[in-house]
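Please look through the sequence and the model before reading on. The paragraphs below then lead through the strands, the sheets, the core and the cysteines in turn.

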Amino acid sequence: MCGIFGVRGHPDATHLAQLGLYSLQHRGQESVGVVSIDPAGTARAVRTMGTLSDAVAVELSKMAGVTAIGHTRYSTSGSSTIENAQPVVARSRGGYITLAHNGNLINAAELRMELEDQGSIFASTNDSEVVVHRLARSGAGSPADRLADALSGVEGAYSLIVAMGDTLLAARDPRGWRPLTMGRLGDAVVFASETCALDIVGATVEREVEPGEIIAVDSDGIHSTHPLPAREPHRCVFEFVYFARPDSRVYGESVDRARRALGRRLAVEHPAPTAELVFSVPDSSNSAALGFAEQSGLPYELALIRNHYVGRTFIQPTQAGRDAKVKVKYNPVREVLAGKRVVMVDDSIVRGTTTRGLVALVRAAGAREVHLRVSSAPVTGPCYYGIDTPSREELIAAKFSTSEIATHLGVDSLGYLSLDGMLGSVPSGPHGFCHACFSGDYPTPPPTDPDKLRFGCGC
Ligand code: AMP
């Protein structure tokens, strides 16, 4: 997964990109980057591993730009290295090309091989660079035509922000897997993965970039085209379940509203009659736990405190990193838990590693009964479209039944939201969503080589 941000036509573009990335930091913590383009068209980049630190902010403050693109990354293809940090910047015969990508291209391996056969040399092992090469080779006229040309034949998930010359472009794949919103800040146009990044810069939300749409912003204004063949929409439901921030709107809908509805439905499907209180696994489950509490009439308590200076557990790309982080990321509030029968609400279980550690913490703090309620269906398959779910072998619900999982996690009872309950609870559901990781209903064939480290981004 990744967060992307772009702004054109603002004297403080670099600073705005920096602010936007602070609000998109939850979408990726492996690397961060900003490319700033000055009025003469010269692009300058700052990219670094990790999060947006004070040191990066100092570097950014030296870069004047009227257009800027930013990216926060966590890899779904391509290793976690600086060569794979984005935005990608390349110099071609027509000037600089800068690109930030959220998603995962499923035919990147084939496209890359084709380009390499024709002599292309790649600087990274991420899938996004394929689009940059295709842009550089395109003989089409306007930047929007070049982007349409470059994207024809590219399969998979992409929300893109691209700068070429004086033009800022935004594009979304025809199935609309990943969110992308357009906003306005005075005369400037802003694009961001989530509306929370528009809020922080003071931009007003204008609308979603539509699936299959390319929007080009230049000195003549905003031009929209739909050059790519239309497909059935497959917006990622996991954005509502887990990924996006609750203060955002994605796909034009409130994430907070969606999560509360998921929690309410969970309480209907899996009540916990003996429980005395409800708490969430912060932060991604807070809204769902509130919904559960509201529906069940149980008090909502803060029983787990999250250390905000430790990143999202999963965003550590290796198992060793993940294990170490669980221990330092959460601490139970003993006074809330001791002697109590409790409902712990989490948004999803993937490997079960974090959850098992959390249940042990809650028990050690004195909870008498632990009833785990999960505000999504069991994750039974990998995602090929931009969420970093592991291979099927590592997914606990792909191998074990709910009662076996309950035993493994050490809970008194376990209830997952049903697939129908989940799709029926999200705004504008149940149709038009991708739920492949829950249902096995993949809208495309799997990539020829799903191993993310074979050659390489996607996010
Ligand atoms: P685990 O028990 O190890 O499966 O971890 C479950 C936790 O991981 C839940 O609290 C989720 O909020 C979180 N989670 C689910 N999917 C992802 C993901 N793709 N990336 C990062 N964290 C995730």
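**Strands, sheets and a shared core**

In strand β4, the bridge partner of S36 is A68. Here helices (H or I, at least four residues) and strands (E, at least two) are DSSP runs, numbered from the N terminus, and two strands count as paired if DSSP finds at least two bridges between them. This is a predicted model, in which local features need pLDDT of at least 70 and side-chain atom pairs count only at pLDDT 80 or more, while totals for chains, interfaces and linings use all residues. Residues are numbered from 1 along each chain as its sequence is written, and side-chain values use heavy atoms, with hydrogens and water left out.

The pair S36 and A68 belongs to a longer run, for β2 and β4 pair in the antiparallel sense over seven bridges. On the other partner, β2 and β3 also pair in the antiparallel sense over seven bridges, and in β3 the bridge partner of I37 is A43. β2 and β3 form a hairpin with five residues between them, and in the turn G41 has a positive phi of about 95 degrees.

How many of the seven residues of β2 are buried? Seven of the seven are buried, so β2 is largely enclosed by the rest of the structure; buried means under 20% relative accessible area, exposed over 50%, and partly exposed in between, with a 1.4 Å probe and protein chains only. In a regular strand the side chains alternate between the two faces of the sheet. In β2, S31, G33, V35 and I37 point one way, whereas V32, V34 and S36 point the other way, and all are buried.

These strands are part of an open sheet of seven strands in the order β3-β2-β4-β1-β10-β9-β11, with antiparallel pairing. Its edge strands are β3 (43-49) and β11 (204-208), each of which pairs on one side only. Neighbouring strands of this sheet are turned by 15 degrees against each other on average, direction ignored, where axes are lines fitted to C-alpha atoms, for helices over the stretch in contact, and angles run from 0 to 180 degrees between N-to-C directions. Towards the β11 edge, four bridges join strand β9 (residues 181-185) to β11, the two running antiparallel, and R184 stands opposite T204 in β11.

Helix α1 (residues 13-23) lies across β1 (2-8), β2 (31-37), β4 (67-73) and β9, running at about 20 degrees to β4. Within β4 lies T67, which counts as buried at 9% relative accessibility. Leaving aside its neighbours within four places in sequence, T67 is in contact (heavy atoms within 4.5 Å) with V7, R8, G9, A13, V35, S36, I37, A163 and L168.

A further open sheet has six strands in the order β5-β6-β7-β8-β12-β13, again with antiparallel pairing. The edge strands here are β5 (88-92) and β13 (221-225), each pairing on one side only, and neighbouring strands are turned by 20 degrees against each other on average, direction ignored. Five bridges join β5 to strand β6 (residues 95-105), with S92 having G95 in β6 as its bridge partner. Helix α4 (residues 129-137) packs on the sheet, touching β5, β6 and β7 (156-164), and its direction makes about 140 degrees with that of β6.

The chain is divided into domain 1 (3-234) and domain 2 (254-432), with bounds that come from an automatic or database domain assignment; their C-alpha centres lie 33 Å apart. The largest nonpolar core has 47 residues, and those with the most contacts inside it are Y385 and M422. Such a core is a set of buried Ala, Val, Leu, Ile, Met, Phe, Trp, Tyr and Cys residues joined through side-chain atoms within 4.5 Å. Both domains give residues to this core, so it lies between them. Not counting residues up to four places away in sequence, M422 touches V237, V241, L262, S376, A377, L417 and F438.

Finally, the cysteines: taking a disulfide as a pair of cysteine sulfur atoms within 2.5 Å, the count comes to zero. The sulfur of C196, a buried residue at 3% relative accessibility, is 15 Å from the closest cysteine sulfur, in C2, which is too far for a bond. C437 is also buried, with a relative accessible area of 12%, and its sulfur is 6.1 Å from the closest cysteine sulfur, in C383, again too far for a bond.
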